[in-house]
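Colleague: I should be grateful for a close look at a single part of this model. Please take one residue as the point of departure and describe its surroundings.

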Amino acid sequence: CGSLTTTDFAKGRIGIEHEGNSLQIDTDLLSHDVGFKRGSLYMFIGEIVVQQGCVLLRARIARNVDGMDLDLFATALKLRRKFEDRLAKSVHEDAVMVD
């Protein structure tokens with residue numbers, strides 16, 4: 001998630017920022033007009049790529065999430081990662097026991 005800070009629609013690029021971190025987004029693959037507004041909060045799904053020494057996200061999905069509780073989202077994300085880590089360890093331990 002990040003707030004829209006820059007737009008360059010001629011190049012198919014926008015910039016977002018969140019908690020002092022910034023990221024360039026390649027919007028060429030988006031199939032619909034998101035209606036980007038500077039200062040609004042957006043969430044993206046895509047792939048991280050490096051082009052000409054610049055790291056950017058090639059977005060496949062974009063969504064306006066103005067009004068989202070970012071603290072609650074961060075908490076949910078931490079819990080999901082913790083669950084996935086435990087699940088991966090469990091699967092690994094089961095695989096070791098079978099060998």
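Modeller: Let us begin with Leu-4. In this predicted model, Leu-4 is in contact with Ile-14, Gly-15, Ile-16, Phe-36, Lys-37, Arg-38, Gly-39, Ser-40 and Tyr-42, its neighbours within four places in sequence being left aside. Leu-4 also belongs to the largest nonpolar core, a group of twelve residues that further comprises Ile-14, Ile-16, Ile-25, Leu-30, Val-34, Phe-36, Tyr-42, Phe-44, Leu-57, Ala-59 and Ala-62. At least two residues of this core come from each of strand S2 (13–18), strand S4 (41–51) and strand S5 (54–64). S5 provides the largest share, with three residues. In soluble globular proteins, nonpolar side chains tend to be buried together.

The strands themselves deserve attention next. Five of them close into a barrel, in the order S1-S2-S3-S5-S4, with mixed pairing. On average, neighbouring strands of this sheet are turned by 45° against each other, direction ignored.

Strand S1, which spans residues 2–8, pairs with S4 in the antiparallel sense over two bridges; here Ser-3 has Leu-41 of S4 as its bridge partner. Strand S3, residues 21–26, is paired with S5 in the parallel sense over three bridges, and Ile-25 has Leu-57 of S5 as its bridge partner. Both Ile-25 and Leu-57 are listed in the core described above.

Between S4 and S5 there are ten bridges, in the antiparallel sense, and Ile-45 stands opposite Ile-61 in S5. These two strands form a hairpin with two residues between them, and Gln-52 in the turn has a positive phi of about 50°.

Conventions:
Residues numbered from 1 in each chain as written. Predicted model: local features only at pLDDT ≥ 70, side-chain atom pairs only at ≥ 80, totals over all residues. Heavy atoms only, no water. Core = buried A, V, L, I, M, F, W, Y, C linked by side-chain atoms within 4.5 Å. Buried < 20%, exposed > 50% of the residue type's maximum accessible area, 1.4 Å probe, protein only. Helix = DSSP H or I, 4+ residues; strand = E, 2+ residues; numbered from the N terminus. Contact = heavy atoms within 4.5 Å. Pairing = 2+ DSSP bridges. Axes fitted to C-alpha atoms, helices over the stretch in contact; angles between N-to-C directions.
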